[in-house]
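Hi everyone, thanks for coming. Let me put the structure up on the screen, and then we can walk through it together.

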Amino acid sequence: MNGLVTRLKANARDYGIVFTAIALVIILSTTTTTFFTQQNLVNLFDQMVVVGILACAVTIAMIAGVIDLSMSAIAAVSAIIGATAMNAFGIGPGVVVAILVGVALGAFNGLAVTYGKVNAFIATLATGMMFRGFAVVITGGQIVAINNPAIADLSKRGPILNITWASWVLLLVVLITGIMLWRSVYGRTLYAVGGNPAAARISGISVGWAQTSAFMISGGLSAIAGVVLASRSVSAQPSMGTGLEFTAIAAAVIGGVSFAGGQGAIWRAILGVFLLQMIANGFNLLGLPTTFQQVVQGLLILVAVAVDQLIRRRKS
């Protein structure tokens, strides 16, 4: 009996987010006539794309023991420079330029944190303001229109499963980052560095490089999110994506990615994004005041962080 109780507690701890998501799907499916329809589910998935990509980015950073608050600013700068490159050289080269800019800005964050010895929270908060200001400087506060309308095809639905190409980008990002963390030596290195940096350093791992590379991946993924955002309006501007990093962090935390580092998984963060989007979708379908939506989301984050801290105290 005690063993059964222990297993139930462990499952509730490890898969509570899964049970919550299933319960919410059942509730919304039985209380509305439009939730469990192909149209609504496709729209729901499409709305997850940008935050989902950022959630993958923040999950990698948090597992490595750092946090990146500059993701939306990197997305804006990368999209602006990428849009300019698209106008000059075409969409493909422009996307590559945007990703390279994101990786470079991520490397800047990594160097500031690992070699400059600045706390990641403070460093990326500051660089986020700096990157956003840089975006205003290079555009003069104006919108950068993309001359090639083909970029909008990214937000159109493809022939497979009737989901958008942007949704396929999210699935690809989830697949690559998930396998990287789950199966690769590099992924295990990030877990080791985030879980116990001192022990990782003693075992010969370069903690500074591991965390810097995590920032670089986070920057690259932020740039991809910026390109998706730009495809929706066929333009880029300095204010795009403002505040989305906090939604992504919230989704990761709700999914069980630990602020303390060394714990979490991509599928957990994506499930957190799904849960947040379902709550927003449910409020719309049920006609509930959106003010209470923020209350529910805030309560979820608070409970997730409290559970994480409780588990860590018991382990220690």
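Let me start with a question: is Val234 buried, partly exposed or exposed? The answer is partly exposed, because its relative accessible area is 24%, and the partly exposed class runs between 20% and 50%. Before I go on, keep in mind that this is a predicted model.

So where is Val234? Look in the loop between helix H10, residues 207-233, and strand E2, residues 235-236. Val234 also has a positive phi of about 50°, although it is not a glycine.

Now have a look at Lys117, where phi is again positive in a residue other than glycine, this time near 60°. Lys117 sits in a loop too, the one linking helix H5 (91-115) and helix H6 (120-139). Its relative accessibility is 68%, so Lys117 counts as exposed.

Okay, on to helix packing. Two packed helices are described by the angle between their axes and the distance between the axes. Let's try that on helix H3, residues 49-63, and helix H7, residues 165-183: their axes come within 9 Å and cross at roughly 15°. Angles under 35 degrees count as roughly parallel, and H3 and H7 are therefore roughly parallel to each other. The crossing of H3 past H7 is left-handed.

Who is touching whom here? From H3 we have Val49, Gly52, Ile53, Cys56, Ile60 and Ile63, and on the H7 side they meet Ala166, Ser167, Val169, Leu170, Val173, Val174, Thr177, Met180 and Leu181. Sorted by class, that H3 and H7 contact has 12 nonpolar residues, 3 polar ones and no charged ones.

Let me zoom in on one residue of H7, namely Thr177. Is Thr177 buried or exposed? Thr177 counts as buried, because its relative accessibility is 5%. The side chain of Thr177 reaches the backbone oxygen of Val173, at 2.6 Å. If we skip residues up to four places away in sequence, Thr177 touches Cys56, Ile60, Leu221 and Ile266.

Next, stay with H7 but turn to helix H8, residues 185-195. These two pack with their axes 5 Å apart, at an angle of about 70°. The roughly perpendicular range is 65 to 115 degrees, and H7 and H8 are therefore roughly perpendicular to each other. Met180, Leu181 and Arg183 in H7 meet a set in H8 made up of Val185, Tyr186, Gly187, Arg188, Leu190 and Tyr191. This time the classes come out as 6 nonpolar, 1 polar and 2 charged residues.

Two last stops. In helix H5 you'll find Ala107, which is buried because its relative accessible area is 19%, and the cut-off for buried is under 20%. Setting aside neighbours within four places in sequence, Ala107 is in contact with Thr212 and Met216. Ala107 and Gly195 are 88 residues apart in sequence, and their C-alpha atoms are 22 Å apart in space.

Finally, Val296 is in helix H13, residues 290-315. With a relative accessible area of 33%, Val296 is partly exposed. Its contacts, again leaving aside neighbours within four places in sequence, are Ile279 and Phe283. From Val296 to Ala280 you count 16 residues in sequence, and C-alpha to C-alpha they are 9.9 Å apart.

That's my tour, thanks for listening!

Note on methods:
Residues numbered from 1 in each chain as written. Predicted model: local features only at pLDDT ≥ 70, side-chain atom pairs only at ≥ 80, totals over all residues. Heavy atoms only, no water. Axes fitted to C-alpha atoms, helices over the stretch in contact; angles between N-to-C directions. Helix = DSSP H or I, 4+ residues; strand = E, 2+ residues; numbered from the N terminus. Parallel < 35°, antiparallel > 145°, perpendicular 65-115°, else oblique. Left-handed = near helix turned anticlockwise from the far one by under 90°. Contact = heavy atoms within 4.5 Å. Nonpolar A, V, L, I, M, F, W, Y, C, P; charged D, E, K, R; others polar. Buried < 20%, exposed > 50% of the residue type's maximum accessible area, 1.4 Å probe, protein only. Polar contact = N/O pair within 3.5 Å; in protein donor to acceptor, adjacent residues only side chain to side chain.
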